[in-house]
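This report describes a structure with the sequence and coordinates at hand. It goes through one chain, the contact between chains, the cores and a few single residues.

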Amino acid sequence: MSLLRYESQVRPALVEGGKDYHQVTEDICRPVEAKPSKLWWIGFLISVALLIFGIISVTVEVIYGTGQWNLNKTIGWGWDITNFVWWVGIGHAGTLISAILLLFRQGWRTGVNRAAEAMTIFAVMCAGQFPIWHMGRVWNAFFVLPYPNTRGPLWVNFNSPLLWDVFAISTYFTVSLLFWYSGLLPDLATLRDRAKKKWRKMFYGVAAFGWTGSTKHWQRHEALSLVLAGLSTPLVLSVHTIVSFDFATSVVPGWHTTIFPPYFVAGAVFSGFAMVQTLLVITRKVLGLQEYITIEHINVMNKVIVLTGSIVGIAYLTELFMAWYSAVPYENFAFFENRLNLNSPYGWSYWIMMGCNVLSPQIFWFKKMRTNLTVTFFMSILVNIGMWFERFVIIVTSVYRDYLPSAWSTYYTPTIWEIGFYLGTFGLFFTCYFLFSKFFPVIAIAEIKHILKRSGENYKENMGVIDKESVDQFAAEQLHDHH
Amino acid sequence: MAVKKFITGSFYDEEVLFPAVKKIRRAGYKIHDVFTPFPIHGLDKAMGLRDTSLHTAGFIYGITGTATAVGFITWALTIDWQINFGGKPFFSLPAWIPIIFELTVLFAAVGMVLTFCYLCQLAPFVKKDHFNLRSTDDTFLMALECTDKTIEADAISFLESIGAVEVGVQYKETGWWLGRYDNDKKRFEKNVETAH
């Protein structure tokens, strides 16, 4: 046992069950190579059905216009942009796991990064739908691009946060896709080289780009991953910062706050980790990957959830304090009447948000709760509901009653087509995820092998000897010094 | 196309591979490549490969993105079509920072990935031979390139003596899909002496 690979016994093993390199390949490739289970088909078909419902809803909206939605005079964004911000936020956890934890050299990311990155890409795809179809005349969507046109050329407004969003989201999607796919290449090559059926050889042959595992290629691949991680880290922070600018640069009470960028980013990571939990608690069970996505992984992610949930909680309290401290009547009204007051029309949504995002994650201070799968799954759903309501609260309660009582809107409830559109993006998301989990390895095979001899259960056991020796030596030295 | 001869040996453990690479180089054999299922830190150094300049390329692409964004927005909003947004100056740089940043990242990322694919000659429908299908699973394959001076039996026995298994001779057609033999030497810091 080489001392170079020594890892403290305090850290639990990240790969359980005494694996060697070949077993890792076998275990992770098995779900890809086996026939899909009945459960997979049921899930997949439900997702496709939702997707079809979504397509119908959007078609209705395109034909008859955004009037098919219940948006009104002051609530111009409603469910649509709520869903947009929610989905973008969910994407953030994938980048956090794959990029930021790579820079911090966190070994546990290897078990979950592939699925989380895939989740990012699908979530951003879903998010993108909302502003696009919200345009109403969607055939003019390309107007948001700065291209030479016959209207002047009249350029897009580069000073507008809405245009920043166009650039931020499209860059985020592109970079995430490149990062994810470049990481997939070696694993696709593994699948290609194991393939026996002709179509498999073809499919993975094309998808693997001719990857060989040459040392020079690996050297470049490592350099590429590191720089992409370095680029993605500020990128992911910028994306939700810019999304928050959509609100913060306005003069609407409840939106016009400087706390928004960090508060949105923390909220995004919070909801994203919840979605990762939702997906992985099921994925590890259905695909039999419990030895790779261990309870320890779940535990660590729950710690992130309690941390970010508490940051979000502090942000909520800070907002309330600032509203009171500013002594601006409009701010006070937005926070203490429109939101905090349970008897006001939308007071209920504020308290759902508070309960799901701030109070409920506090149970994760207890290790017993963090390592309980049922609690984790239930909590992940609660957090996702809570974070959806956070965006709903921000969007709806701020604008439905702001400055002039004569401009106050009527009570807003979504139509079936608004709900259908939202459900449709769930369909899109899960259809993509089911296909991904069937045709691609959901765990980064090469990266697991890379940490195997350091964090594998069987290898760690041998390190116990080193630990024992060094403790004895330390004790001896201490005794020696005292005499 | 010309056919080249390679002597290949597999290793099951990277802790055997490392000293083997050193011994092979010391003995003067020319390592064509080592194929591994996952990145092994330090193997590139052990093989004498020079550092990659991909980072530098990424920096240049990033700067290009920055310059493109600053240049284009400045031109569009101050020269080509000035619009008065709430009395603010036409050249309002702080408001452009988000887009300048996004384009910097976009150019750097896209540029680097394309450069990576070009340098490694990776693309859909590219077929390459890497001697042993298990080298994407659990074996580390070392391929030695035979020159006129190489004595096959010596090389095989030397490989076996340093811990290689499944040692054999393989003939491969040279071509772009096997790696670029014409610039082979450029990949090494110093020209490796070939003897035997």
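Helices (H or I, at least four residues) and strands (E, at least two) are DSSP runs, numbered from the N terminus. The structure is a predicted model, in which local features need pLDDT of at least 70, side-chain atom pairs count only at pLDDT 80 or more, and totals for chains, interfaces and linings use all residues. Residues are numbered from 1 along each chain as its sequence is written, while chains are lettered from A and ligands numbered from 1 in the order in which they are written.

**Confidence**

The model scores ipTM 0.90 and pTM 0.90. pLDDT is the predictor's confidence in each residue, from 0 to 100. Chain B has a mean pLDDT of 82, and 87% of its residues reach 70 or more. Over residues 178-196 of chain B, pLDDT stays under 50, and the model has 30 contacts there beyond four places in sequence. Two residues are in contact if their C-beta atoms, placed from the backbone, lie within 7 Å. Where pLDDT is low, the predicted coordinates should not be read in detail.

**Chain B**

Chain B has five helices and four strands, in the order β-α-β-α-α-α-β-α-β along the sequence. Its domain assignment gives domain 1 (3-49 + 140-187) and domain 2 (54-119); such bounds come from an automatic or database domain assignment. The centres of domain 1 of chain B and domain 2 of chain B, taken over C-alpha atoms, are separated by 44 Å. Of the contacts in chain B with a separation of 6 or more, 83% are between residues 24 or more positions apart.

A residue is buried if 20 or more other C-beta atoms lie within 10 Å of its own, exposed if 12 or fewer, and partly exposed in between, with C-beta atoms placed from the backbone. Of the 196 residues in chain B, 35% are buried.

B:Gln82 lies in the loop between α3 and α4 of chain B. B:Gln82 counts as exposed because it has 11 C-beta neighbours inside 10 Å. Leaving out residues up to four places away in sequence, B:Gln82 touches B:Leu77 and B:Phe90. B:Glu14 is 68 residues from B:Gln82 along the chain, and their C-alpha atoms are separated by 63 Å.

**The contact between chains A and B**

Chain B gives 55 residues to the contact and chain A gives 50 residues. On the side of chain B that touches chain A, the elements that give two or more residues are β2 (31-35), α2 (43-47), α3 (54-80) and α4 (93-119) of chain B. The largest share of that side, 16 residues, comes from α4(B). By class, the side of chain B that touches chain A has 37 nonpolar, nine polar and nine charged residues. Here Ala, Val, Leu, Ile, Met, Phe, Trp, Tyr, Cys and Pro count as nonpolar, Asp, Glu, Lys and Arg as charged, and the others, Gly among them, as polar.

**Cores**

A nonpolar core is a set of buried Ala, Val, Leu, Ile, Met, Phe, Trp, Tyr and Cys residues joined through C-beta atoms within 7 Å. The largest such core has 153 residues, and those with the most contacts inside it are A:Val276 and B:Ala109. The largest share of this core, 15 residues, comes from α5(A). B:Ala109 touches A:Val175, A:Leu178, A:Leu228 and A:Leu231, not counting residues up to four places away in sequence. Another core, of 21 residues, lies apart from it and includes B:Phe35, B:Phe131, B:Leu141 and B:Cys146.

**Helix α8 and loops of chain A**

The 27 residues of helix α8 (residues 260-286) of chain A should span 39 Å at 1.5 Å a residue, and the end C-alpha atoms are 39 Å apart, which agrees. The expected span is 1.5 Å times one less than the number of residues. Of the 27 residues of α8(A), 21 are buried. A:Gly288 follows α8(A) and has a positive phi, near 65°.

Two other residues of chain A, neither of them glycine, also have a positive phi.

| Residue | Phi | Loop in chain A | C-beta neighbours within 10 Å |
|---|---|---|---|
| A:Arg105 | near 55° | between α3 (78-103) and α4 | 7, exposed |
| A:Ala327 | near 60° | between α9 (295-326) and α10 | 8, exposed |

Most residues other than glycine have a negative phi, and most peptide bonds are trans. A cis peptide bond, with omega about 5°, joins A:Gly152 and A:Pro153. A:Pro153 is in the loop between α4 (109-134) and α5 (161-194) of chain A.
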